Amino acid sequence: MEEAEEDQRRRLKLEEALEIQSLRRIISAYLNYPDAAEEDVRRNERSYRKLPPSHKALLSQYPQKFQRLRWCISMNTHFIFSMLQDADFSEDPHPESAQKDHLVSEGISACSCESAPVRITCSVSDQHCCVEGSNHTCRSQAQMHSNEEVGIESCHQSNTGNHSPRLIHTKETREYCGSPIADSKGNVPDTSSQQQWLAPSLKLNVPLVDADKVRCIIRNIVRDWAAEGKKERDQCYNPILEELNMLFPNRSKESPPACLVPGAGLGRLALEISCLGFISQGNEFSYYMMICSSFILNHSQTAGEWTIYPWIHSNCNSLSDSDQLRPVSIPDIHPASAGITEGFSMCGGDFVEVYSDSSQIGAWDAVVTCFFIDTAHNIVEYIEIISKILKDGGVWINLGPLLYHFADMYGQDDEMSIELSLEDVKRVAFHYGFEFENERTIETTYTANSRSMMQNRYFAAFWTMRKKSAAVQQQVP
């Protein structure tokens, strides 16, 4: 008995260490954004200097473009560092109490990404994010650490991380984030002097894949929280919202239906569902996403508060420099004024780990998956869990492709990847008690630059399935 308890303690300690390491790596990637972006500009400058004089003369605007790029990078950096400043990174000396922590909020959801011993919390209101004893608890999950990370640019999801969370709230951090990024003439200060507040321990080498994830997050912000992303949101979110509105016509304010949104990303779809009159909970595995969604949902003061430059990191397929360097204002709405339903929350953790818990069985009236089911190592397990957590007669609404995230993961670790055809996905769903009510194909993009010469389009599967009652399932031969 004592040996088993000791093994459990060692396992938890290892999970906690991995959790801290993961979060530090992610914070490091965010903090190193300006250096990584500056190196890209310098590489372009080196290429320009290699041109013969006659060719340089044809491109005389380039030096000015390089300086403009630096200005754009500084504005993105200002947003990122302000985001980190407002995040709460703390180490919990009593990790066993993490599941009992409640977030206080005020009119909007609180979102939490809790795990022992590291906590990232955010709140804005007087409501609890997760009500103790309810079926909709945000539980701590050490599984949010990971080597199970994949890129978010084309694969819609991600996670992993390396940095000391204690240093985010230093005096120097606040002074930097509150100071002007450039002077009134648009001159950009030396980026190395801007980052002198960074402790030497934070100056770690960041893998290129981590630096690219930060750029991908910036593009994801456009999809969820910018006017420019409205077309894409209309393509992906509107069919889901219309279906929910039709399927639950007589929603009660006293007892609203509960809807879960796994793979919620930056939280816009979950918020829109809440505004329809549902108790909406977004679930997200990625710390990159959770830190950013926390900031936008809980710390935005007004619509259009921030200006970012999401398209500056690619010189390919641009129609013009002005297209590449165009600003994007975020958020397009003020989340706290959007008219959410009480009970809106964001729960951090691996979908399988969090929702396999017995408290989740039959807890949800609807599950909405948008560009999510192909993030699974084992999509059969995803479908099985969705069936278990739905009430009898509950609905599963899905939109997305089958671009399996672990399909091309080659390395020392033999990553499990079950890659079913759409036909097989449907067959598995039938096995777990689902029946089709609606099905069609929807053409859409994902974090696309609307002014790019290259557009990747998906012919996404859209369906509504209803979970048959247990009695009906037993009657089926």
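**Salt bridges, aromatic pairs and buried elements in the predicted model**

The side chains of Arg268 and Asp332 meet in a salt bridge, with an N to O distance of 2.7 Å. Because Arg268 belongs to helix H9 and Asp332 to the loop between strand E7 (328–330) and strand E8 (345–348), the pair ties together parts that are 64 residues apart in sequence. Arg268 is buried, at a relative accessible area of 4%, whereas Asp332 is partly exposed, at 25%. The model in which this pair occurs is predicted.

Across the structure, 27 salt bridges are found. Glu443 forms one with Arg457, the closest N and O atoms being 2.7 Å apart. This pair links distant parts of the chain, with Glu443 in strand E11 (residues 434–444) and Arg457 in the loop between E11 and strand E12 (458–467), 14 residues apart. Both ends are partly exposed: the relative accessibility is 39% for Glu443 and 38% for Arg457. Salt bridges that share partners also join Glu6, Asp7, Arg9 and Arg10 into one network.

A salt bridge within a helix is provided by Asp212 and Arg215, for which the N to O distance is 3.9 Å. These two residues are three apart in helix H7 and are therefore separated by about one helical turn. An α-helix has 3.6 residues a turn, so residues three or four places apart point the same way. Asp212 is partly exposed, with 28% relative accessibility, while Arg215 is buried, with a relative accessible area of 12%.

Glu243, located in helix H8 (residues 230–247), is buried yet has no salt bridge. The nearest side chain of opposite charge is that of Arg440, 5.3 Å away, and a salt bridge requires a nitrogen–oxygen distance within 4 Å. When neighbours within four places in sequence are left aside, the contacts of Glu243 are Ile397, Asn438, Phe462 and Thr464.

At the level of the whole chain, the secondary structure comprises 15 helices and 12 strands. Of the 477 residues, 54% count as buried. The chain exposes about 21,300 Å², and carbon and sulfur atoms supply 49% of that area.

Helix H9 (residues 268–275) is largely enclosed by the rest of the structure, because six of its eight residues are buried. The buried residues of H9 are Arg268, Leu269, Ala270, Leu271, Ile273 and Ser274. Their cover includes helices H7 (208–225), H8 and H10 (287–299), together with strands E4 (258–262), E5 (279–284) and E9 (364–370). Cys275, by contrast, is partly exposed, at 27% relative accessibility. H9 is followed by Gly277, which has a positive phi, near 110°.

The count of disulfides is zero. A disulfide is a covalent bond between the sulfur atoms of two cysteines. For Cys236, the closest cysteine sulfur is that of Cys370, and the separation of 4.9 Å is too far for a bond, the cut-off being 2.5 Å. Cys236 is buried, at 0% relative accessibility.

A search of the whole structure yields 18 aromatic pairs. Tyr62 and Phe66 form an edge-to-face pair, with a centre-to-centre distance of 5.7 Å and an angle of 80° between the planes. Being four residues apart in helix H4 (residues 62–86), Tyr62 and Phe66 are separated by about one helical turn. Tyr62 is partly exposed, at 26% relative accessibility, whereas Phe66 is buried, at 4%. The rings of Phe79 and Phe295 have centres 5.5 Å apart and planes at 70°, so this pair is likewise edge-to-face. Both Phe79 and Phe295 are buried. In addition, Trp396, Phe430, Phe434, Phe436 and Trp463 form one aromatic cluster.

Leu59 lies in the loop between helix H3 (53–58) and H4. With a relative accessible area of 27%, Leu59 is partly exposed. Excluding residues up to four places away in sequence, Leu59 touches Tyr48 and Leu51. The C-alpha atoms of Leu59 and Tyr48 are 8.8 Å apart in space, and the two residues are 11 apart in sequence.

Conventions: Residues are numbered from 1 along each chain as its sequence is written. Side-chain values use heavy atoms; hydrogens and water are left out. Buried means under 20% relative accessible area, exposed over 50%, partly exposed in between (1.4 Å probe, protein chains only). Lys and Arg count as positive and Asp and Glu as negative; His and the chain ends are not counted. Contact means heavy atoms within 4.5 Å. Accessible areas come from the Shrake-Rupley method with a 1.4 Å probe; for residues, only the protein chains shown count as cover. Rings of Phe, Tyr and Trp (its six-membered ring) pair if their centres lie within 6.5 Å; planes under 30 degrees apart count as stacked, over 60 as edge-to-face and the rest as tilted.
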